[in-house]
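Open the model in your viewer and keep the selection panel at hand. The tour goes from stop to stop.

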Amino acid sequence: MANLDFFSLYKNIIAIPSISSTDPRWDQSNEAVIRLLADWFGQLGFQCEVTALPDLPGKFNLVATIGQGEGGLLLAGHTDTVPFDEGAWRKDPFKVTEEGNRLYGLGTIDMKGFFAFIVEALKEIDLKTLSKPLRILATADEETTMAGARAIAAAAELKPDYAVIGEPTGLVPVVAHKGHMSEAIRITGRSGHSSDPANGVNALEIMHQAMGQVLKLQHSLKEKYADHRFAVPQPTLNLGYIQGGDSPNRICGCCELHIDMRPTPQVGPDELMGMLKEALSPIEIHQPGCLHLQHLHEPIPAYACADDSELVREAERASGRAAESVNYCTEAPFIQQLGCETIVLGPGHIAQAHQPDEYLDLSFVKPTTRVLQHLIRRFCL
């Protein structure tokens, strides 16, 4: 199939913009990428099901299946990319440029290019001999809300035994990562003339007290909790953004702080949120009704694969690399909700992701193809 040549696949999928962003000026549909993938896997004999995400116009998932029954292997990836810094890219982000044994382009490793690797791996496998199903999952909006993976988990229709998410891990099996929480702390005071502070309630002053409580929690997390699988072992808490007031001669009526928290497998989002509420409870006692907490996005839980996982052993054997844990997060906790052993494993390095002139080092092509073939043969044949 000439049109399934590896480099042609790469060029065709990178050429289709599929940015997801919380900023509507950047956000785009991923439908064209999903339709392209349905064409690729349809040519290989897969049954392809394209599903629109509820309440998200222009956003779609794809499940492509070959083989009968339950179990088998799921190869998963997302079809969206982050926005790009127009002035910082030296190359066209939507045109694959081959230079210096690299393929440059937006999504080459994070992670639309992974689907080209799957097709390349399947060329040497007789798909008619599968004894277990092989499924390909392509999702929407991983870079923002993870809505695609959340929808797959909620539907609970897929029942693979094993799943591999092809994020750029340097072809190292990743078996645990932290989660992600973004929370807004909003203080509502009462504005007034600055000549008499007693005639108002200064939201900045209350936020100062709240920040002190949050920093105590930050210290407590570092002192009490440690998961040494991670380079940064504790659940982290970062103060990232603050805005309040409008003029020095007015009592500040409103102030908002945004914080980032990273759950670990031992300390989940609900527990962290409970700790945050407890830390801020003195503020509520002294100024009832002034404080409001809000998720900036639904929390993403941490993920960990079982130590005795057969999938991990096979991935280590195939890649020649020992499994590791990482600080960034992926769709793994949602895919894992399908009841399958789940790892993250793919070509390219995370250091190149979300960067100008993102690239795939071509030295990954043959090793990644071999690893995918090994896993497909091991779990589907």
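Select helix H9, residues 365-380. This helix gives the largest share of the lining of the largest cavity, 3 residues. Keep in mind that the model is predicted.

**Stop 1: the cavity**

Now add the rest of the cavity wall. Select Phe-114, Leu-171, Leu-345, Gly-346, Pro-347, Thr-368, Val-371 and Leu-372, which line the largest cavity. How much space lies in this cavity? About 30 Å³. The structure holds 1 cavity of 30 Å³ or more. Color the lining by class: 6 residues are nonpolar, 2 are polar and none is charged.

**Stop 2: Ala-121**

Keep Leu-372 on screen, since Ala-121 is in contact with Leu-372. Select Ala-121 in helix H3, residues 114-122. Is Ala-121 buried or exposed? Ala-121 counts as buried because its relative accessibility is 0%, and the cut-off for buried is under 20%. Show its contacts next. Neighbours within four places in sequence aside, Ala-121 touches Thr-369, Leu-372 and Gln-373.

Then draw a distance from Ala-121 to Glu-331, C-alpha to C-alpha. The viewer should give 23 Å. In sequence, these two residues are 210 residues apart.

**Stop 3: the largest pocket**

Select Glu-142, Glu-143, Met-146, Cys-329 and His-354. Of the residues that line the largest pocket, these lie nearest its centre. The full lining has 20 residues. Its volume is about 380 Å³.

Which classes make up this lining? There are 8 nonpolar, 7 polar and 5 charged residues. Color the two domains to see where the lining comes from. Domain 1 (6-177 + 302-380) and domain 2 (180-300) each supply at least three residues.

**Stop 4: the second largest pocket**

Select strand E1 (47-52), strand E2 (60-66) and helix H4 (147-155). Each supplies at least two residues of the lining of the second largest pocket. About 220 Å³ of space lies in this pocket.

Narrow the selection to the lining itself. One group to pick is Glu-49, Thr-51, Ala-52, Leu-53 and Pro-54, which are among the lining residues. Asn-61 and Val-63 also line the pocket. Finish with Ala-151, Ile-152, Ala-155, Glu-157 and Leu-158. By class, the lining has 8 nonpolar, 2 polar and 2 charged residues.

Technical notes. Residues numbered from 1 in each chain as written. Predicted model: local features only at pLDDT ≥ 70, side-chain atom pairs only at ≥ 80, totals over all residues. Heavy atoms only, no water. 1 Å grid on protein atoms, 1.4 Å probe; cavity = no way out; pocket = protein on both sides within 12 Å on 5 of 7 lines; lining within 4 Å. Points joined across faces, edges and corners; volume = space filled by probe spheres on them. Nonpolar A, V, L, I, M, F, W, Y, C, P; charged D, E, K, R; others polar. Domains from an automatic or database assignment. Helix = DSSP H or I, 4+ residues; strand = E, 2+ residues; numbered from the N terminus. Buried < 20%, exposed > 50% of the residue type's maximum accessible area, 1.4 Å probe, protein only. Contact = heavy atoms within 4.5 Å.
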